[in-house]
Amino acid sequence: MAFGDRKINTWLLRFLLLLLLVVCKTAAYGEIRPPQQQQLKQEQRHRNAYATMMYMGTPRDYEFYVAIRVMIRSLARLHVDADLVVIASVDVPLRWVHALEQEDGAKVVRVENVNNPYKNQDNFDRRFKLTLNKLYAWSLVDYDRVVMLDADNLFLRKPDELFQCGQFCAVFINPCIFHTGLFVLQPSMTVFKDMLHQLDIGLDNSDGADQGFIGGYFPDLLDKPMFYPPANGTKLEGSYRLPLGYQMDASYYYLRLRWNVPCGPNSVITFPGAPWLKPWYWWSWPVLPLGIQWHEQRLQSLGYGAEMPMAFIQCIVYLGIIAVTRLARPSLSKLCYRQTDKSNSLIQAGLKLIAIWSILAAYVLPFFIIPCTIHPLLGWALYLVGSFTLCSIAINAFMLPMLHVLSPWLGIFGVLLVMACPWYPDGVVRALAVFGYAFCCAPFAWTSLVKLMASLQLSLEREVFLPRLGESLPPSGFNKLY
């Protein structure tokens, strides 16, 4: 018994030591520590770095994870002379961290979320609650220069000359406010600690996010000279404005359908604006033509292996529904056999409402079950197949005319072709073509709706769906409509 007691005590002691170790590590995560004090997963290879940040807590965490991986791989394919660093909050899933490190070659620095003291402002957008984690870029003191990036950047060429810029450099997309989707900085623990102090004392922040805070911290950047990289490769000192070519707003492209940015090299495209029209969403193209370029980079780097199983399953399900619905059509048609004088207005109204909602669901439901980050061509193909499949259920169940039910389907397919046409001279002509197509289609859509409602009312008056109790079905093959 004494030997057993000693064995139990030994295991209990090991368990307590392990528990103490876990508690100590957890407590260590409770304070904001500079990430360079933590052990990095990979050995530093370069003097400079491209960095981005990743945090959790938004409905679009996975989409931004995919966007970050595509951006990192696109930089690697350009053979940039810099490390690729991801400043990730401690709640980012470990499987994502391992993918970034082992598959993408990035260095992941785990950090605690910076508390946002502006979250109670009236104009505060909740999706920017954790964007102040971007301040950790100043604590990467192992590097001479860091180019800090948002996930919605698309690189057209290698911009390594940015590492020659000074202590802080950014682009003015807005005439008076520089953009923090890409900026160059010289890491400094002094600046980092002072920024945290300014958060504590409540430095004015126009939007409560990183954009407003960093803009308030560097208020005089507009008066600084333009950055031109020295030919001898030396690093500049001070602050500079970056040419617009390093942060080309995608909206500039849509006016002429080509780039016309004369100041600086056309190196980086950014996609600010509506979050649901970011380029990685399949529905952003052809609404916004540049989205296809982002997907071309993904196709060449990350690929679509994560989304393809779901897309394949949806295709199989849709084809199965079409086959079953087609085979079941004769049985459904047998209900349409007798006309009576009796009617129930309440039941008819309910069936009409069900028919209308089933058609609406046929056009809405496929949109939400397609993987958000799939390629646009495959995404729109899945949507068209899915809406056609669900429309076929309503057509056969309620004996509705196919052409009128599918008129929105034909309209959507047509407007996609109009928007995707590559021969427009500029964005104005493209917009006019889309509006002209919609104007021409409106009468046909209205006519289809009127005829659809009339056909539905006629079927209800014939009691297609409610044959009287006690009556037998007509002989096989009998169909009054034929």
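This is a short guided tour of the structure, stop by stop.

**The whole protein**

Keep everything in view to begin with, and remember that you are looking at a predicted model. The protein has 482 residues, and 46% of them are buried. Colour by secondary structure to pick out its 13 helices and 10 strands. With a surface switched on, you see about 24900 Å² exposed, with carbon and sulfur atoms supplying 65% of that area. Of the contacts between residues at least 6 apart in sequence, 73% join residues at least 24 apart.

**The sheet**

Next, find the open sheet of 7 strands, whose order is β3-β2-β1-β4-β7-β6-β8. Its pairing is mixed. The edges are β3 (107–111) and β8 (239–242), each pairing on one side only. On average, neighbouring strands here are turned by 25° against each other, direction ignored.

Now select residues 83–89, which form strand β2, and look across to β3: the two pair in the parallel sense over 5 bridges. One spot to zoom in on is Ile-87, whose bridge partner in β3 is Val-109.

**Helices against the strands**

Add residues 61–77 to the selection to see helix α2 packing on the sheet. Helix α2 touches β1 (48–54), β2 and β4 (145–149), and its direction makes about 170° with that of β1. Then move to residues 210–217, helix α5, which lies across β6 (168–171) and β7 (179–185). Helix α5 runs at about 45° to β7.

**A close look at Val-86**

Go back to strand β2 and select Val-86. Is Val-86 buried or exposed? Its relative accessible area is 0%, so Val-86 counts as buried. Show what surrounds Val-86: beyond its neighbours within four places in sequence, its contacts include Thr-52, Met-54, Ile-68, Ile-72 and Leu-100. Val-108 and Val-109 are also among the contacts of Val-86. If you draw a distance between the C-alpha atoms of Val-86 and Val-109, you should get 6.2 Å, although the two are 23 residues apart along the chain.

**The largest pocket**

For the last stop, select Phe-64, Arg-127, Phe-128, Thr-131 and Asp-150, the lining residues that lie nearest the centre of the largest pocket. This pocket has a volume of about 680 Å³, and 29 residues line it. Which elements give two or more residues to the lining? They are β1, α2, β7 and α5. Of these, α2 gives the most, with 4 residues, and α2 is also the helix you saw packing on the sheet.

Definitions and conventions. Residues are numbered from 1 along each chain as its sequence is written. This is a predicted model: local features need pLDDT of at least 70, side-chain atom pairs count only at pLDDT 80 or more; totals for chains, interfaces and linings use all residues. Side-chain values use heavy atoms; hydrogens and water are left out. Two strands pair if DSSP finds at least two bridges between them. Axes are lines fitted to C-alpha atoms, for helices over the stretch in contact, and angles run from 0 to 180 degrees between N-to-C directions. Contact means heavy atoms within 4.5 Å. Buried means under 20% relative accessible area, exposed over 50%, partly exposed in between (1.4 Å probe, protein chains only). Accessible areas come from the Shrake-Rupley method with a 1.4 Å probe; for residues, only the protein chains shown count as cover. On a 1 Å grid over the protein atoms alone, a cavity is a set of points where a 1.4 Å probe fits but cannot get out, and a pocket is an open set with protein on both sides within 12 Å along at least five of seven lines; lining residues have an atom within 4 Å of a point. Grid points are joined across faces, edges and corners, and a volume is the space filled by probe spheres set on the points.
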